[in-house]
Amino acid sequence: DAKETDGRTRIEIAGTEGDLAVVSGAHGPGGVQMSELRLFASRDGRWEEPPVPGPAPVPEVEARNVARMYAALAGDIRTGTRTTPDFHAGTRVHRLL
């Protein structure tokens, strides 16, 4: 009898004026990278979603992740840095798997 697990990821940050938590959606396709994230704040032990200032267009989760990687790759090409995985990194992961 297999039990389905809850796929959420929760990252909590404790501060001197309160705490923050970033929580991925339950039953999403992949934790933090492939799930819609929600922000919660607490000053007195009660967790609430803080208001978001102004409307902002939010693309789909997968599109945001790909857009970030392309932006980082473009930056690497412009500046000559190496912050994104290259072919050799992909080959190493492929062999590991």
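The dialogue below goes through a predicted model, from its overall layout to single residues.

Reader: Before turning to details, which elements does the protein have, and how do they run from the N terminus on?

Author: A sensible reading begins with the inventory and then follows the chain. Here the protein has two helices and three strands, and from the N terminus on the elements run β-β-β-α-α.

Reader: How should I read the sheet, and what is the order of its strands?

Author: For a sheet one takes the order of the strands, then the sense of pairing, and then the edges. In this model the three strands make an open sheet with the order 1-2-3 and antiparallel pairing. Strand 1 (10-14) and strand 3 (37-42) each have a single partner strand and therefore stand at the edges, with one side of each left without a neighbour in the sheet. From one strand to the next, the twist averages 15 degrees.

Reader: Over how many bridges do strand 1 and strand 2 pair, and which residues stand opposite each other?

Author: Bridges allow the register of a pair to be followed residue by residue. Strand 1 pairs with strand 2 (residues 19-24) in the antiparallel sense over five bridges. I11 stands opposite V22 in strand 2, the bridge partner of E12 is A21, and A14 stands opposite D19, so that as one steps along strand 1 the partners can be followed back along strand 2 in the antiparallel sense.

Reader: What lies between these two strands, and where is E17 found?

Author: A connection is read from its length, its backbone angles and the exposure of its residues. Strand 1 and strand 2 form a hairpin with four residues between them, and G18 in the turn has a positive phi of about 150 degrees. E17 is found in the loop between the two strands, and with a relative accessible area of 63% this residue is exposed. Although E17 and S42 are 25 residues apart in sequence, their C-alpha atoms are 9.0 Å apart in space.

Reader: And in the other pairing, which residue of strand 3 is the bridge partner of S24?

Author: The same reading applies to the second pair. Strand 2 and strand 3 pair in the antiparallel sense over six bridges, and the bridge partner of S24 in strand 3 is L37.

Reader: Turning to side chains, how many aromatic pairs does the structure hold, and what lies over the face of W47?

Author: Rings can be examined for partners of two kinds, other rings and charged groups. The structure holds zero aromatic pairs, but R10 lies over the face of W47, at 5.0 Å from the ring centre.

Reader: In the helical part, is V61 buried or exposed?

Author: One places the residue in its element and then consults its accessibility. V61 belongs to helix 1 (residues 61-79), and it is buried, with a relative accessible area of 7%. The C-alpha atoms of V61 and E36 are separated by 6.2 Å, while the two residues are 25 apart along the chain.

Reader: Where is T84 found, and with which residues is T84 in contact beyond its neighbours within four places in sequence?

Author: T84 is found in the loop between helix 1 and helix 2 (87-96). This residue has 14% relative accessibility and counts as buried, because the cut-off for that class is under 20%. Leaving aside neighbours within four places in sequence, T84 is in contact with M69, A72, L73 and D76. T84 and Y70, 14 residues apart along the chain, have their C-alpha atoms separated by 9.0 Å.

Reader: For the protein as a whole, what percentage of the residues count as buried, and how much area is exposed?

Author: Totals put the single residues in context. Of the 97 residues of the protein, 13% count as buried, and about 8,300 Å² is exposed, with carbon and sulfur atoms supplying 59% of it. Among contacts between residues at least 6 apart in sequence, 20% join residues at least 24 apart.

How values were computed:
Residues are numbered from 1 along each chain as its sequence is written. This is a predicted model: local features need pLDDT of at least 70, side-chain atom pairs count only at pLDDT 80 or more; totals for chains, interfaces and linings use all residues. Side-chain values use heavy atoms; hydrogens and water are left out. Axes are lines fitted to C-alpha atoms, for helices over the stretch in contact, and angles run from 0 to 180 degrees between N-to-C directions. Buried means under 20% relative accessible area, exposed over 50%, partly exposed in between (1.4 Å probe, protein chains only). Contact means heavy atoms within 4.5 Å. Accessible areas come from the Shrake-Rupley method with a 1.4 Å probe; for residues, only the protein chains shown count as cover. Rings of Phe, Tyr and Trp (its six-membered ring) pair if their centres lie within 6.5 Å; planes under 30 degrees apart count as stacked, over 60 as edge-to-face and the rest as tilted. A charge sits over a ring if NZ of Lys or CZ of Arg is within 6 Å of the ring centre and within 35 degrees of the ring normal.
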